[in-house]
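Please open the model in your viewer and keep the selection panel at hand, since each stop of this tour begins with something to select.

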Amino acid sequence: MTREVHLGDASPKPKTVDGDADAASAVLPPPAVAGHGKAAARNKLSLVPLIFLIFFEVAGGPYGAEPAVQSAGPLFALLGFLIFPFIWAIPESLVTAELSTAMPGNGGFVVWADRAFGPFTGSLMGTWKYVSGAINGAAFPALCADYLARVVPAVADGGPRVATIVTFNVALSFLNYTGLSVVGWSAVALGVASLSPFVLMSGIAIPKIRPHRWRVTAADKDWKLFFNTLFWNLNYWDSVSTMAGEVENPGKTFPTALLSSVAMTSLGYLLPLMAATGAIDAPPENWGNGFFADAAGTIAGSWLKYWIEVGAVLSSIGLYSATLSSAAFQLLGMADLGLLPRIFALRAPIFNTPWVSIVVTSLITLGMSFLSFNNIVAAANFLYSLGMLLEFATFIWLRIKRPEMARPYSVPLGLPGNIVMCLVPSGFLVFVMAIAGWKVYAISAIFTAAGVGVYYLMKFCKARGFLNFGTVDGEEMMYERHQQESRNDGV
């Protein structure tokens, strides 16, 4: 996953809102029924597209894994991508699977925190995760232009670079407007295209692999870069939860898709790293971002090097499209809960997509694409870590306080096992946050204060009737989705 990494520097009761709920419901049905109709059925996510959407939410291929080798050497890089999924990716995926199937509505982690601790906490979770997602998403149009410049030097700077970034943003925003089914199947095509050169490289490299090369370690190890690289290449498994209301039969589809994507993503890092580090004699310091293309050129020739560079562009497209989808449906979910004005829940008449949320997110990411903001990116990562700590706390709290809640998928570890499962990655999160610099703390505090301000501003607007807010009975929403799944299973 080609993300910029700068961490080291850098209510069970239904909600009610003011306003005419009946009139609002006449304009836009609640999420339990908003997806009905031919357009909604056509745009539902099935298993295979969901797997690849998760893949692009998290990784998009082994692009960006090279600094793990550079910072610690092949031995620790291989061990890291072998072990880290078990202590981070799998726990986060299991939590996502249980809570997404228990509360199968749009908004994901915002809904979970709202049901566990109330609307203020849900809104704060939304701020932390949305800021993180939007800023990370803003990197991908610029990243695509950077990769494309390696093949077409004319787009390296100036007007052509701006035109490339704007075109990238507009085209993928329109793709998201056409529906999640289209986005999902596009992700399948992009995933196959971006992973294919690594499959070929791994196969061609087999006769050239010398296992002793895997034992090499870096002379000067940069553990901060090493752990940050592992963390951010195996993160964001919960992002797909914001689209849970758009998934066919989520009680069965979500756990299968998450398990499959964890396996595909982990192998997608591990096998190319084994092939490249085992087949060529390159010192760890050579393994900067983009070195996979050079390694492929050495192993198979320039044709494969160029294919991997093109694959990096395709991966950036998939990463941005998936990030835009999850961020837009998060806003829709927050509007469904009454945390944001109802306009964010408006859906397109033909494609049934949250067009206002797509446009707003697209404009935010486009504006950020032209900024240089290393410390802001680091603060966004810090905020995501805060959100994950709250997410693990939500998971445990709901297990204790809501044991009767219907859970089509339940993590089979019991309460003590689940606590241990969450404590391990939580300890890592605390470590990563502790090594952040004072600028990161300051910027994160500003974003958090802004999120608190937005919550109380929305509360003020509700009280004065300045904006139209929706009314959603979250318990009824979950009940209807579970009942619908039961009917589908009986057919």
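Begin by selecting the buried residues of helix 17, which are Asn418, Met421, Cys422, Pro425, Ser426, Phe428, Leu429, Val432 and Met433; bear in mind throughout that this is a predicted model. Now extend the selection to the whole of helix 17, residues 414–434, whose 21 residues reach 30 Å from the first C-alpha to the last, close to the 30 Å expected at 1.5 Å a residue.

Next, turn to the surface and select Leu79, Leu82, Ile83, Phe86, Ile87, Val420 and Val424, which form a nonpolar patch there with about 620 Å² of accessible area together. Which helices each supply at least two residues of this patch? They are helix 6, spanning 74–102, and helix 17, and it is helix 6 that gives the largest share, namely five residues.

Within helix 6, pick out Leu82, and ask whether Leu82 is buried or exposed. Its relative accessible area is 44%, so Leu82 is classed as partly exposed, because that class lies between the 20% limit for buried residues and the 50% limit for exposed ones.

For the last stop, move to helix 4, residues 47–58, and select Val48, which is likewise described as partly exposed, with a relative accessible area of 37%. Add Trp185 and Val188 to the selection, as Val48 touches both of these residues when residues up to four places away in sequence are not counted. If you then draw a distance between the C-alpha atoms of Val48 and Trp185, the separation is 8.1 Å, although the two residues are 137 residues apart along the chain.

Definitions and conventions: Residues are numbered from 1 along each chain as its sequence is written. This is a predicted model: local features need pLDDT of at least 70, side-chain atom pairs count only at pLDDT 80 or more; totals for chains, interfaces and linings use all residues. Side-chain values use heavy atoms; hydrogens and water are left out. Patches are made of residues with over 30% relative accessible area and no salt bridge: like charges are joined within 9 Å, nonpolar side chains (Val, Leu, Ile, Met, Phe, Trp, Tyr) within 5 Å. Accessible areas come from the Shrake-Rupley method with a 1.4 Å probe; for residues, only the protein chains shown count as cover. A salt bridge is a side-chain nitrogen of Lys or Arg within 4 Å of a carboxyl oxygen of Asp or Glu. Helices (H or I, at least four residues) and strands (E, at least two) are DSSP runs, numbered from the N terminus. Buried means under 20% relative accessible area, exposed over 50%, partly exposed in between (1.4 Å probe, protein chains only). Contact means heavy atoms within 4.5 Å. The expected span of a helix is 1.5 Å times one less than its number of residues.
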